[in-house]
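Please open the model in your viewer and keep the selection panel within reach, since each stop on this tour begins with something to select.

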Amino acid sequence: MVYALLKLAHVLATIVWIGGMVFAHFFLRPAVMSLEVPERVRLMHEVLRRFFNAVSVAVLVSLVTGLWMIGRVAKQLVQSGSSFSMPLSWTLMAALGILMMLIFAHIRFALFKRLSVAAESMDWEAGAVALASIRKWVAVNLGLGVLIVALVTLLG
């Protein structure tokens, strides 16, 4: 039962993260392109601030639950006299997931900081540049997230 709850939390955190990136990239961004640059920068700053706070929690939940599930399976196998060899799909999920977390850290702590400074100082050109960088890295992370889901689903 504990493993099932950990897996549920892991999947829900992944849904929040990947689903939010899909929404922001394919639905929100095109809709706000009709706004003037100052309004677009202000709106995206507020939306991304809230989203990045949620993703920060999702990242922590994903990391803790993922490590806990791997550790639990390894411990059970070793205690039963077997050896533990992590499945390829888990190894890929963990490695690419950590890469996604590092990219998110760059987005959150470097690029979003630039956007915040630009929004606060009303430097709309710098805000637009920061948003373009955020968009690029969110697209990379979205691609990695979809790849992870595909690999885990197809490789079992």
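The stops below go from a pair of helices to the pockets, then to a cavity, and end at two exposed residues.

Please keep in mind throughout that this is a predicted model.

**Stop one: a pair of helices**

Begin by selecting α1, which covers 2-32, and α2, which covers 37-79. Two packed helices are described by the angle between their axes and the distance between the axes. Here the axes of α1 and α2 come within 8 Å and cross at roughly 155 degrees. Angles over 145 degrees count as roughly antiparallel, and therefore α1 is described as roughly antiparallel to α2. If you turn the view so that one helix lies in front of the other, the crossing of α1 past α2 is left-handed. Colouring the contact of α1 with α2 by residue class should give 21 nonpolar, 6 polar and 3 charged residues.

**Stop two: the largest pocket**

Next, add α3 (88-121) and α4 (124-155) to the selection, as these two helices, together with α1 and α2, each supply at least two residues of the lining of the largest pocket. To centre the view there, select His 10, Gly 66, Met 93, Ala 94 and Ile 148, which lie nearest the centre of this pocket among its 27 lining residues. The space in the largest pocket comes to about 670 Å³. Which helix gives the most to the lining of the largest pocket? That helix is α3, with 8 residues. Taken by class, the lining of the largest pocket has 17 nonpolar and 9 polar residues, with 1 charged residue besides.

**Stop three: the second largest pocket**

Now move to the second largest pocket, which holds about 270 Å³ of space. Its lining is made up of 17 residues, and those to select are Arg 29, Met 44, Leu 131, Ala 132 and Arg 135, the closest to its centre. At least two residues of this lining come from each of α1, α2 and α4. The lining of the second largest pocket has 13 nonpolar residues, 1 polar residue and 3 charged residues.

**Stop four: a cavity**

Rolling a probe the size of a water molecule over the atoms shows where empty space is left. In a search of the whole structure, 1 cavity of 30 Å³ or more is found, and the largest cavity has a volume of about 40 Å³. Select Trp 17, Met 21, Phe 51, Phe 52, Val 55, Phe 104, Ile 107, Val 138 and Asn 141 to display the lining of the largest cavity. Two or more of these residues are given by each of α1, α2, α3 and α4, and the largest share, 3 residues, comes from α2. By class, the lining of the largest cavity has 8 nonpolar residues and 1 polar residue, but no charged residues.

**Stop five: two exposed residues**

Finally, select Val 117, which has its place in helix α3. Is Val 117 buried or exposed? Its relative accessibility is 51%, and Val 117 therefore counts as exposed. Adding Gly 127 to the selection lets you check a distance, as the C-alpha atoms of Val 117 and Gly 127 are separated by 8.1 Å, with the two residues 10 apart along the chain.

From there, go to Met 122, which is found in the loop between α3 and α4. Met 122 has a positive phi of about 60 degrees although it is not a glycine. With a relative accessibility of 55%, Met 122 also counts as exposed.

Key. Residues are numbered from 1 along each chain as its sequence is written. This is a predicted model: local features need pLDDT of at least 70, side-chain atom pairs count only at pLDDT 80 or more; totals for chains, interfaces and linings use all residues. Side-chain values use heavy atoms; hydrogens and water are left out. On a 1 Å grid over the protein atoms alone, a cavity is a set of points where a 1.4 Å probe fits but cannot get out, and a pocket is an open set with protein on both sides within 12 Å along at least five of seven lines; lining residues have an atom within 4 Å of a point. Grid points are joined across faces, edges and corners, and a volume is the space filled by probe spheres set on the points. Helices (H or I, at least four residues) and strands (E, at least two) are DSSP runs, numbered from the N terminus. Ala, Val, Leu, Ile, Met, Phe, Trp, Tyr, Cys and Pro count as nonpolar, Asp, Glu, Lys and Arg as charged, and the others, Gly among them, as polar. Axes are lines fitted to C-alpha atoms, for helices over the stretch in contact, and angles run from 0 to 180 degrees between N-to-C directions. Angles under 35 degrees count as roughly parallel, over 145 as roughly antiparallel, 65 to 115 as roughly perpendicular and the rest as oblique. A crossing is left-handed if the near helix is turned anticlockwise from the far one by less than a right angle, and right-handed if clockwise. Buried means under 20% relative accessible area, exposed over 50%, partly exposed in between (1.4 Å probe, protein chains only).
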